[in-house]
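Subject: Structure handover

Hello,

Here is the structure I said I would pass on. Please look it over before reading the notes underneath.

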Amino acid sequence: MSDQNNKPQTRGRLTTRTIAMPADTNPSGDIFGGWVLSQMDIAAGICAGQRAQTRVVTASLDSMSFIRPVKVGDILGVYTDVTRVGRSSMDIHVEAWVRRGRIGQREKVTEATFKFVAIDEQGNPTPVPAEADLPDYVMEL
């Protein structure tokens with residue numbers, strides 16, 4: 001998706017940002033897809049935990065295709081958006097974007113929808129509070 005200036009548009013809020021390092025590469029010099037997936041899961045977990053106001057666990061994710069490789073030195077920004085809230089589960093849309101060589105143009109590298117379940121201290125599913133019941137600061141995060 002692009003605006004009238006043809007700049008790529010992200011969906012959701014910037015949740016995490018990190019730099020791709022040489023230790024995260026495969027033999028071809030590209031960043032491992034599993035590293036990108038891990039960063040996306042971390043960001044989605046932050047988003048889901050803030051929305052649920054409790055501990056959450058990853059239950060599943062939909063299919064994920066890598067659009068572009070991530071290279072050493074790229075800044076990986078992960079954007080999240082809550083797309084569905086059920087009784088104890090939530091769907092979080094996640095997009096991973098890179099800024100090439102730390103200063104280049106942003107490019108989307110992949111996206112997926114992660115499903116999380118809110119759990120209590122015993123690990124049992126627990127209801128996600130209604131949006132109206134959340135503290136004001138949660139919606140500002």
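Does Gln53 count as buried, exposed or partly exposed? With a relative accessibility of 37%, Gln53 counts as partly exposed, because that value falls between the 20% limit for buried and the 50% limit for exposed. Keep in mind throughout that this is a predicted model.

Gln53 is a reasonable place to begin for another reason. Most residues other than glycine have a negative phi. Gln53 is not a glycine, yet its phi is positive, at about 60°. The residue sits in the loop between α1 and β2.

The core

The largest nonpolar core contains 26 residues. Those with the most contacts inside this core are Met40, Val70, Leu76, Met90, Ile92 and Phe116. Two or more core residues come from each of α1 (33-52), β3 (75-85), β4 and β5 (106-119). Helix α1 gives the largest share, with eight residues.

Phe116 is worth selecting on screen. Neighbours within four places in sequence aside, Phe116 is in contact with a list of residues that includes Asp41, Ala44, Gly45 and Ala48. The list also includes Val56, Val57, Thr58 and Ala59, as well as Ser88, Ser89, Met90 and Ile92.

The strands

Strand β5 pairs with two strands described here. With β2 (residues 55-61), β5 pairs in the antiparallel sense over six bridges. One position to look at is Val56, which stands opposite Ala118 in β5. With β4, the pairing of β5 is again antiparallel and runs over 11 bridges. There, Ala96 has Thr110 in β5 as its bridge partner.

β4 and β5 also form a hairpin, with six residues between them. In the turn, Gly101 has a positive phi of about 55°. Ile103 is found in the loop between these two strands and is exposed, with a relative accessible area of 75%. From Ile103 to Ser38 the C-alpha separation is 23 Å, and the two are 65 residues apart along the chain.

Two residues of β4

His93 lies in strand β4, which spans residues 89-99. Its relative accessibility is 6%, so His93 counts as buried. The His93 side chain makes a polar contact with the side chain of Glu111, at 3.1 Å. Not counting residues up to four places away in sequence, His93 touches Arg11, Tyr79, Thr80, Asp81, Thr83, Glu111, Ala112 and Thr113.

Val94 lies in β4 too. Val94 is buried, because its relative accessibility is 0%. With residues up to four places away left out, Val94 touches Met40, Ala44, Val78, Tyr79, Thr80, Thr110, Glu111, Ala112 and Phe114. In a regular strand the side chains alternate between the two faces of the sheet. Val94 and Gly104 are 10 residues apart in sequence, and their C-alpha atoms are 21 Å apart in space.

The end of β5 and the loop after it

Ile119 has its place in strand β5. At 6% relative accessibility, this residue counts as buried. Apart from neighbours within four places in sequence, Ile119 is in contact with Thr54, Arg55, Val57, Asn124, Pro125 and Thr126. Ile119 and Thr16 are 103 residues apart along the chain, with 23 Å between their C-alpha atoms.

Pro125 lies in the loop between β5 and α2 (136-140). Its relative accessibility is 47%, so Pro125 counts as partly exposed. On the same basis of leaving out near sequence neighbours within four places, the contacts of Pro125 are Arg87, Ser88, Val117, Ala118 and Ile119. The C-alpha atoms of Pro125 and Arg84 are separated by 16 Å, and the two residues are 41 apart along the chain.

Aromatic rings

How many aromatic pairs are there? The count comes to zero. A charged residue does sit over a ring, however: Arg106 lies over the face of Trp97, at 5.4 Å from the ring centre.

Regards

Terms used. Residues numbered from 1 in each chain as written. Predicted model: local features only at pLDDT ≥ 70, side-chain atom pairs only at ≥ 80, totals over all residues. Heavy atoms only, no water. Phe/Tyr/Trp six-rings, centres within 6.5 Å; stacked < 30°, edge-to-face > 60°. Lys NZ or Arg CZ within 6 Å of the ring centre and 35° of its normal. Helix = DSSP H or I, 4+ residues; strand = E, 2+ residues; numbered from the N terminus. Buried < 20%, exposed > 50% of the residue type's maximum accessible area, 1.4 Å probe, protein only. Polar contact = N/O pair within 3.5 Å; in protein donor to acceptor, adjacent residues only side chain to side chain. Contact = heavy atoms within 4.5 Å. Core = buried A, V, L, I, M, F, W, Y, C linked by side-chain atoms within 4.5 Å. Pairing = 2+ DSSP bridges.
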